[in-house]
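Me: I should like a close look at a single part of the structure below. Please give one connected account that begins with a single residue and then widens to its surroundings.

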Amino acid sequence: MKPLLLITGLGLSLSLIGCQGTLQNNKMATATPAPLYSRLTDEDTQKADQALQQALETLPSAQKQHWENSNSGNSGTLIPLRSYKSVAGYYCREYRELVRIRQRQAVYFDTACRSKNGNWYPI
């Protein structure tokens with residue numbers, strides 16, 4: 001997830017910029033930083049990152065990966081959308097992420113690329 005991951009060992013001169021946007025009222029709007037993400041617990045973030053890694057590595061496009069933290073009640077769903085190889089030769093995937101915290105939820109669209117060590121990092 002954007003707040004948790006550092007781009008170490010990726011070999012790209014990219015920096016994390018947080019979420020590229022949120023979907024609000026069916027319109028794309030930029031969000032820096034993502035307000036709902038700031039309310040995730042460390043345990044939420046860890047579960048969400050594990051789900052992101054698994055979804056991007058193993059799921060075909062349009063399949064869902066769900067995560068839930070029974071301690072906080074927070075949850076989310078990740079859906080890989082499109083896969084491609086970057087000009088620099090890295091495998092990348094666009095994905096949609098739904099984050100639910102109590103009665104609030106937000107949808108984010110982002111892209112992550114896989115490093116040589118096999119981890120996926122949002123760009």
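In which strand is the place of P80?

Reply: P80 has its place in strand β4. Before the details, please note that this is a predicted model, and that what follows describes computed coordinates.

The residue itself comes first. P80 has a relative accessible area of 1%; a residue under 20% is classed as buried, and P80 is therefore buried. Leaving aside neighbours within four places in sequence, P80 is in contact with A55, L56, L59, P60, S61, A62, Q63, R93, E94 and Y95. A further residue to consider is A112, which is 32 residues from P80 in sequence, while the two C-alpha atoms are 9.9 Å apart in space.

The strand around P80 can now be described. Strand β4 covers residues 75-85, and its pairing with strand β5, residues 91-101, is antiparallel and comprises 10 bridges. Within this pairing, Y84 has C92 of β5 as its bridge partner. The two strands form a hairpin with 5 residues between them, and G89 in this hairpin adopts a positive phi near 95°. In general, the side chains of a regular strand alternate between the two faces of the sheet.

Strand β5 in turn leads to the next pairing. Strand β6, residues 104-114, is joined to β5 by 10 bridges, and these two strands also run antiparallel. Their hairpin has 2 residues between the strands, and R102 in the turn has a positive phi of about 55°. C92, already named as the partner of Y84, stands opposite C113 in β6.

That cysteine pair deserves particular attention. C92 and C113 form a disulfide, with their sulfur atoms 2.1 Å apart, which lies within the cut-off of 2.5 Å for such a pair. The count of disulfides by this rule is 1. The pair links distant parts of the chain, C92 in strand β5 and C113 in strand β6, which are 21 residues apart. The torsion about the S-S bond of C92 and C113 is about 100°, and the disulfide is therefore right-handed. Both ends are shielded: C92 is buried because its relative accessible area is 1%, and C113 likewise counts as buried because its relative accessibility is 2%.

The region may finally be placed in the whole chain. There are 1 helix and 7 strands, and from the N terminus onward the elements follow the order β-β-α-β-β-β-β-β. Of the 123 residues in the chain, 43% count as buried. The chain exposes about 7100 Å², of which carbon and sulfur atoms supply 48%. Among contacts between residues at least 6 apart in sequence, 46% join residues at least 24 apart.

A word on confidence is also needed. The mean pLDDT of the chain is 79, and 72% of the residues reach 70 or more. Confidence is highest in strand β3, residues 65-68, at a mean of 98, and lowest in strand β1, residues 21-24, at a mean of 38. Over residues 1-33 the pLDDT stays under 50, although the model has 72 contacts beyond four places in sequence for this stretch. Where pLDDT is low, predicted coordinates should not be read in detail.

Terms used: Residues are numbered from 1 along each chain as its sequence is written. This is a predicted model: local features need pLDDT of at least 70, side-chain atom pairs count only at pLDDT 80 or more; totals for chains, interfaces and linings use all residues. Side-chain values use heavy atoms; hydrogens and water are left out. Two strands pair if DSSP finds at least two bridges between them. Helices (H or I, at least four residues) and strands (E, at least two) are DSSP runs, numbered from the N terminus. Buried means under 20% relative accessible area, exposed over 50%, partly exposed in between (1.4 Å probe, protein chains only). pLDDT is the predictor's confidence in each residue, from 0 to 100. Contact means heavy atoms within 4.5 Å. Accessible areas come from the Shrake-Rupley method with a 1.4 Å probe; for residues, only the protein chains shown count as cover.
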